[in-house]
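I opened a fresh page for this one. I wanted to go through helices, sheets, salt bridges and cysteines in turn.

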Amino acid sequence: MGDLKVIQTVSDMHRTADEMRASGLRIGLVPTMGYLHGGHLSLIRQARRASDRVVVSIFVNPMQFGPQEDYATYPSDFERDVKLIQGMGGDLVYAPSAKEMYPEGYATYVAVERLTQHLCGPTRPRHFRGVTTVVTKLFAAVKPHVAVLGQKDAQQAVVVRQMVRDLDLDVEIRVAPTVREADGLARSSRNVYLSPGERREAPVLYQALQEARSLVAQGERRAAVVVEAMRQRIAARPHARIDYVCVVNAEDLRPVEALSGAVLFALAVRFGKARLIDNFQVSL
């Protein structure tokens, strides 16, 4: 696989990270679960600009999946991912096994309170504990100076930033804009689950967010009015099952009634097997 190095153990990753830091190199990390798409590639591109060595982690984290979720069927194509990372100028792939990350007797978890109570938290109760635990472990192994996350997972980015602050972790968190298909659908590894009919309907998430943006531009400041307009647009699609449509404060993720300051419009909608999320942020 060319010059791209693949590391599969924590001890090898520690040694390599120590060597890079000792050489004065700035390490950038892009954490992924693999099955890369254009959104991931944009994160790698930003990490390339912000660091001397780019590490892309590929790890489907069992801890962030609920019992009825798609851990066992999550899409995977490791060789394709490695070629894409190499093509984007990545330097190293960190791809530990689940047994390497969570050996027998594993008993430690990292949990961020409050910020995980809204949006995806209620329907995915163990999800964020899994995310913050694995990100902490990735930071410990890779020892990055900067990590690049995607805006599509806005709540995740807010939660990770809080964790970094609270635990005094010396990692700069950067958030890259959402990358979309031509029809507005946010790129996601789970888009592969969509049937042709569901795929035709899925851009309604983006259309609902655009409608919200338009209402705000026209001066609407009542969150309930904007949310109802978004819900009606999504509900008109026969395959769509709404998980949530919310307007929250962009910093503490608490629902708001009146739109002012930095607010996040966020939604999660199921189409068959796929649970898709999207959002946009605005300052008023």
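Below are my notes, topic by topic, on what I looked up.

**Before starting.** I am working from a predicted model, so I treat every value here as computed from that model.

**Helix 3.** I started with helix 3, residues 78-87, and asked which of its residues are buried. I got D81, V82 and I85. I then checked how they are placed around the axis: they span an arc of only 100°, so they sit on the same side of helix 3. On the face turned away from that buried side I found K83 and G87, both exposed.

Next I wanted to know what the buried residues of helix 3 pack against. The partners are helix 2 (38-50), strand 3 (53-58) and strand 4 (92-94). I also looked just past the end of helix 3, where G89 has a positive phi of about 90°.

**Sheet 7-8-9.** I moved on to an open sheet of 3 strands, which run in the order 7-8-9 with antiparallel pairing. Which strands stand at the edges? They are strand 7 (240-249) and strand 9 (274-283); each has a single partner strand, so one side of each lacks a neighbour in the sheet. I noted the angle too: neighbouring strands here are turned by 10° against each other on average, direction ignored.

I zoomed in on the pairing of strand 7 with strand 8 (residues 262-271), which is antiparallel and counts 9 bridges. To pin down the register, I wrote down that A240 lies opposite F271 of strand 8.

**Salt bridges.** How many salt bridges are there in the whole structure? My search returned 17. I went through a few of them.

- I looked at R190 and D70, whose closest N and O atoms are 2.9 Å apart in a salt bridge. The two are 120 residues apart: R190 is in the loop between strand 6 (172-176) and helix 7 (196-201), and D70 is in the loop between strand 3 and helix 3. I checked whether they are buried or exposed, and both R190 and D70 are buried.
- I then took R199 and D183, a salt bridge with its closest N and O atoms 2.9 Å apart. R199 is in helix 7 and D183 in the loop between strand 6 and helix 7, with their positions 16 residues apart. I have R199 as partly exposed, at 26% relative accessible area, and D183 as partly exposed too, at 34%.
- I also picked R233 and E211, where the closest N and O atoms of the salt bridge are 2.4 Å apart. This pair links helix 9 (residues 223-235), home of R233, to helix 8 (residues 204-217), home of E211, 22 residues apart. R233 counts as partly exposed at 33% relative accessibility, and E211 is partly exposed at 25%.

I also logged a network: R26, E172 and R174 are joined by salt bridges that share partners.

**Cysteines.** Last, I searched for disulfides and found 0 in the whole structure. I wanted to see why C120 has no bond: its closest cysteine sulfur, in C246, is 9.3 Å away, too far for one. My cut-off for a disulfide was sulfur atoms within 2.5 Å. C246 is likewise in no disulfide, with the sulfur of C120 as its nearest cysteine sulfur. I closed the page with accessibility: C120 counts as buried, at 7%.

Technical notes
Residues are numbered from 1 along each chain as its sequence is written. This is a predicted model: local features need pLDDT of at least 70, side-chain atom pairs count only at pLDDT 80 or more; totals for chains, interfaces and linings use all residues. Side-chain values use heavy atoms; hydrogens and water are left out. Buried means under 20% relative accessible area, exposed over 50%, partly exposed in between (1.4 Å probe, protein chains only). Helices (H or I, at least four residues) and strands (E, at least two) are DSSP runs, numbered from the N terminus. The arc is that of the directions from the helix axis to the C-beta atoms. Contact means heavy atoms within 4.5 Å. Two strands pair if DSSP finds at least two bridges between them. Axes are lines fitted to C-alpha atoms, for helices over the stretch in contact, and angles run from 0 to 180 degrees between N-to-C directions. A salt bridge is a side-chain nitrogen of Lys or Arg within 4 Å of a carboxyl oxygen of Asp or Glu.
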